[in-house]
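Here is a friendly walk through this structure for someone meeting it for the first time. Please keep the viewer open as you read the points below.

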Amino acid sequence: MKNKNQSAAPQKVHILALLTALLLSFAAPAAAQTGGVAAGEEMSVSLTRAQGPTDAAEMEAFMDDLFARHMDEYHIAGAAVAVVKDGQLFFAKGYGYADLENGIPVDPEQTIFRIGSTTKLVTWTAVMQLVEQGKLDLDADVNTYLDFQIPDTYPQPITLRHLMTHTAGFEDLFLDFVSLEEIEDALPPGAFLASHIPARVFPPGEVAAYSNYGAALAGYIVARVSGQSYDQYIQEHIFDPLGMAHSSALATLHPDVISLVSVGYMYEDDAFEIFPKFYGPSDLAPMGFMAASATDMARFMIAHLQGGFYGDPAAEVRILEEATARQMHSTLYTSDPRLLGTAYGFFDFSDNGQRTIGHSGTAEPMHSLLLLLPDQNLGVFVAYNTLGAGDLTIQHLGFQRAFFDHYYPAPVVEPIQPPTDFAEQASHFVGSYRMTRSAYTTLEKFRGALGMTVIQIGDPGDGTLAMISPWGEWRFVEVKPLYFRQVDAPFYIVFREDDRGRITHLFTDYTPQFGFERLNWYETPGFNMALFIGCVLVFLSMIIIALIRAIRNRRQTGVQERNPKGARTASWIILVICILNLLFVAGLFLWNNPYPSLGIPLQFQVVLGLGVLSAVLTVGALVYMVLAWKDRYWGVAYRVYYALVTIAAVAFVWFLNFWNLLGWRY
């Protein structure tokens, strides 16, 4: 086994995977056979077997087989699962190793996993505790509770209700959120949040757009109102009452538990390697820094399922009033009343006819998933310690798919036929749609140019719509205007129109955390990648032609003297522009991280400067392009070519500016 922490350049290890996982951890719609009934939708259910787990021995056999297959297929070093039922721990088991080098197996009670965004459920529970006490108002402007101000970009203030449902309207940023070096918090609490406020790009309540910053802000409000640090509050009011002795809300774990934390792994070159550790500012702890064992999370699930009450032979405690716990599990926001939505911090992951709320989390390389079935008084928590297991914790796929198909088989869904006249309407919906969970004002927007945040709606010509995404392709049939059902599963999508009848948004049952905005043609990845590649090819051609002309001039004495000074200056300007732009492109790929989660290194700051210099020179090229035709520099063919290269340079400036790569926009 190799220790990746000893690598000479650890920052190049799966940085793209890190951000892709963060971006897509809530992104994938259900597979074709996914169940679940949309809110308000009546559907007959025909069950083929008994529902739910009843025998711990049977569950152990099922889990043993499931984890053996998943760990082999996804190359996972270690995992743990805990299932609670009727207020008791029903089943818990560890699989594989927490430490391969030392041969330490995973223990569901002792082994601690970083649980990523599943932390947010603890943060929202803390918020609701303070709401119970009258110290917080879900509908008050969050600025009421802060010692800095969220800008009043829109007339409507942001409330805790908006933060809980991810409808505050913040853009999604990762810059400076994590580092490969341990961060010494020299800044006072809240300073990072005050200096890294994402732009408000949607009016509050308009659309869901998953926001790590919003959850961190809520955690800071908990600290401000309670008079305790976030980790102290969580320890005293949630962990200690529930007996969660193997849990920590600290960004840097306490020495008492750090020896129990599972090593994080990735699988490369047919071997497990230790994944580099990432660190972040303590202000961000409420969004996803928590660490816990599987059975500690079982205690948390029991408390929620029991209406805030937890009891064991030693003590009986309550972390929430029953009415508050029930409120937390109720729907608070939906993009459309016919779609599944968001509860008070929980997402609606209803599946196979069973109402299910939960959350998934990624703390590279570890992944987790928590599911509550309130009607069944059942909860499930699973955690993995290896990069690549994120596919298993996506809602409705991976672990959830296997668990529900085994214990809660899908109801029979009758096939649906497309309307006879839909072919005439299909073009109304066809296009590219970008996740609302995106960057808009910083260079992190560039990930949209790569298509990482975009899905396609196409017209296959058979009366259906095809959704083409990074996770697969699905077909949908119109049920009612703007309302579509998957052809072979109870999975729905809804389109939104503006007052002129133009499609503006797409929302789905299985992505309550965000919607999708319809893109203009010039915003689509296809257009931008074609433009980008075309510009690069033109710039390369200028290098080649400049070399050919230089060689020719050396062989034909006197040619250069016959060219006027302006022509020589024009040639040098366009050549330098092409070189600068090609160096910019090379720098972008050499950085190997267009998703700046680790900050902007000095080298790339220099690369960004090349783009600025090229843009300035491009103005000069435009002037000389006019002079070339006015004063008849060169022959007609070369003048046309010079104009083509100049137009490409202008297009490249537009490209850089559109994707916030022109200048230092971070």
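1. Let us begin with one side chain. The side chain of Asn660 comes within 3.0 Å of the backbone oxygen of Tyr440. Asn660 also has a polar contact with the side chain of Arg665, at 2.6 Å. Please bear in mind as you look that this is a predicted model.

2. Where does Asn660 sit? You will find Asn660 in the segment after helix H17 (636–658). Its relative accessible area is 3%, and because buried means under 20%, Asn660 counts as buried. With neighbours within four places in sequence set aside, the residues in contact with Asn660 are Tyr440, Thr441, Thr442, Leu443, Lys445 and Arg665.

3. Next, the salt bridges. How many salt bridges are found in the whole structure? The search gives 16. A good one to look up is the pair Asp65 and Arg69, whose side chains meet with N to O at 3.1 Å. Both belong to helix H2 (residues 56–73), and because they are 4 residues apart there, about one helical turn separates them. Asp65 is partly exposed at 41% relative accessible area, and Arg69 is likewise partly exposed, at 43%.

4. Arg401 deserves a stop of its own. One salt bridge joins Arg401 to Asp351, with the closest N and O atoms 3.1 Å apart. This pair connects distant parts of the chain, 50 residues apart: Asp351 lies in the loop between strand E12 (347–348) and strand E13 (357–363), while Arg401 lies in helix H12 (residues 398–407). Asp351 is buried, with a relative accessible area of 0%, and Arg401 is buried too, at 12%.

5. Arg401 also meets the side chain of Asp405 in a salt bridge, at 3.0 Å from N to O. Here the two residues share helix H12, and because they are 4 residues apart, they are separated by about one helical turn. Asp405 is partly exposed, with 37% relative accessibility. For a case with three residues, look at Glu60, Asp64 and Lys93, which a network of salt bridges links together.

6. Now to the loop between helix H11 (322–329) and E12, where Tyr333 is found. Is Tyr333 buried or exposed? At a relative accessible area of 13%, Tyr333 is buried. Not counting residues up to four places away in sequence, Tyr333 touches Thr165, Thr167, Gly205, Glu206, Val207, Ala208, Gly341 and Thr342. Take Ala208 from that list: Tyr333 and Ala208 are 125 residues apart along the chain, yet their C-alpha atoms are separated by 8.8 Å.

7. Helix H3 (residues 119–132) is worth tracing from end to end. Its 14 residues reach 20 Å from the first C-alpha to the last, close to the 20 Å expected at 1.5 Å a residue. Why is H3 described as largely enclosed by the rest of the structure? Because 12 of its 14 residues are buried. Among them are Leu121, Val122, Trp124, Val127, Met128 and Leu130. After H3 comes Gly134, which has a positive phi near 75°.

8. Two strand arrangements are worth finding, and a general remark helps here. Strands of a sheet pair through backbone hydrogen bonds, and the pairing can be parallel or antiparallel. In the open sheet, 3 strands follow the order E5-E9-E6 with antiparallel pairing. Strand E5 (113–114) and strand E6 (247–248) are its edge strands, each pairing on one side only. E5 and strand E9 (residues 291–292) run antiparallel and are joined by 2 bridges, and Phe113 stands opposite Ala292 in E9.

9. The other arrangement is a closed barrel. In it, 8 strands run E16-E17-E18-E19-E20-E21-E22-E23, paired antiparallel. From one strand to the next, the twist averages 30°. To look at one pairing, pick strand E18 (residues 465–469) and strand E19 (residues 472–480), which run antiparallel and are joined by 5 bridges. There, Ile468 has Glu473 in E19 as its bridge partner.

Note on methods
Residues are numbered from 1 along each chain as its sequence is written. This is a predicted model: local features need pLDDT of at least 70, side-chain atom pairs count only at pLDDT 80 or more; totals for chains, interfaces and linings use all residues. Side-chain values use heavy atoms; hydrogens and water are left out. A salt bridge is a side-chain nitrogen of Lys or Arg within 4 Å of a carboxyl oxygen of Asp or Glu. Buried means under 20% relative accessible area, exposed over 50%, partly exposed in between (1.4 Å probe, protein chains only). Two strands pair if DSSP finds at least two bridges between them. Contact means heavy atoms within 4.5 Å. A polar contact is a pair of N or O atoms within 3.5 Å; within protein, one must be able to donate a hydrogen and the other to accept it, and residues adjacent in sequence count only if both atoms are side-chain atoms. Axes are lines fitted to C-alpha atoms, for helices over the stretch in contact, and angles run from 0 to 180 degrees between N-to-C directions. The expected span of a helix is 1.5 Å times one less than its number of residues.
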